[in-house]
Amino acid sequence: MKELTKSQTYIFLSGGIMMVIGALANLAADIPVIIPTESAEIWHKTGACIFLVGAICFALMQILQKYEGNDITLNRIRKIQIIGDIAFILAGIFLMEKTFRFAYPFFCGSIEQLNFYAQYINNNWIVFLLIAAILEVYTTHRIANLIKKS
């Protein structure tokens, strides 16, 4: 695996921290005991922006960390890891949609469209986040074990 430079490592780590902070801020804003209702909207907006920027930083730095060998298994695992990175970015985009509702006006024409929006777009950022987290944990451990063997 290609090693990241020191600045790339800082961007990678800060991206991961920003994702955690953004997700926690967004989830905490839904609990009135933790965040007062008056300031919940600000927490939602800042949390969504922080999460998306962190996801982009994290994913880009991980994509820069290329594998330059010939091992078929490591190449396959790297492709799975890139799918996890894309899922992180999609989670950030869906979180931004949940917060700012950019696409909502396109779905408010009929009940069927609103139902589609409620089922497939609204609050599904958590699904992408879960998929990405599972893929990242799996690929990180598999890559570490395969590199240790060789």
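This briefing walks you through the overall build of the protein and then one spot on its surface. The model you are looking at is predicted. Its secondary structure consists of five helices and zero strands, and the protein has 150 residues, 35% of which count as buried.

**Overall build**

- Starting at the N terminus, you will meet the elements in the order α-α-α-α-α.
- If you draw a box along the principal axes, the C-alpha atoms fill roughly 55 × 35 × 20 Å.
- Take the contacts between residues at least 6 apart in sequence: 74% of them join residues at least 24 apart.

**Surface and charge**

- The accessible surface of the protein amounts to about 9,200 Å².
- Carbon and sulfur atoms account for 70% of that accessible surface.
- The protein carries 12 positive and 10 negative charges, and the mean positions of these two groups lie 11 Å apart.

**A nonpolar patch to look for**

- Try finding Ile-17, Ile-21 and Ile-50 in the structure, as these residues make a nonpolar surface patch of about 250 Å².
- Ile-50 belongs to helix α2, which covers residues 40-64.
- Is Ile-50 buried, exposed or partly exposed? Ile-50 counts as partly exposed because its relative accessibility is 31%, and partly exposed is the class between buried, under 20%, and exposed, over 50%.
- That value also fits the patch, because patches are made of residues with over 30% relative accessible area.

Conventions:
Residues numbered from 1 in each chain as written. Predicted model: local features only at pLDDT ≥ 70, side-chain atom pairs only at ≥ 80, totals over all residues. Heavy atoms only, no water. Patch = residues over 30% accessible without salt bridge, like charges linked within 9 Å, V, L, I, M, F, W, Y side chains within 5 Å. Areas by Shrake-Rupley, 256 points an atom, 1.4 Å probe, with all protein chains shown as cover. Salt bridge = Lys/Arg side-chain N within 4 Å of Asp/Glu carboxyl O. Helix = DSSP H or I, 4+ residues; strand = E, 2+ residues; numbered from the N terminus. Buried < 20%, exposed > 50% of the residue type's maximum accessible area, 1.4 Å probe, protein only. Contact = heavy atoms within 4.5 Å. Lys, Arg positive; Asp, Glu negative; His and termini not counted. Charge placed at Lys NZ, Arg CZ, Asp CG, Glu CD.
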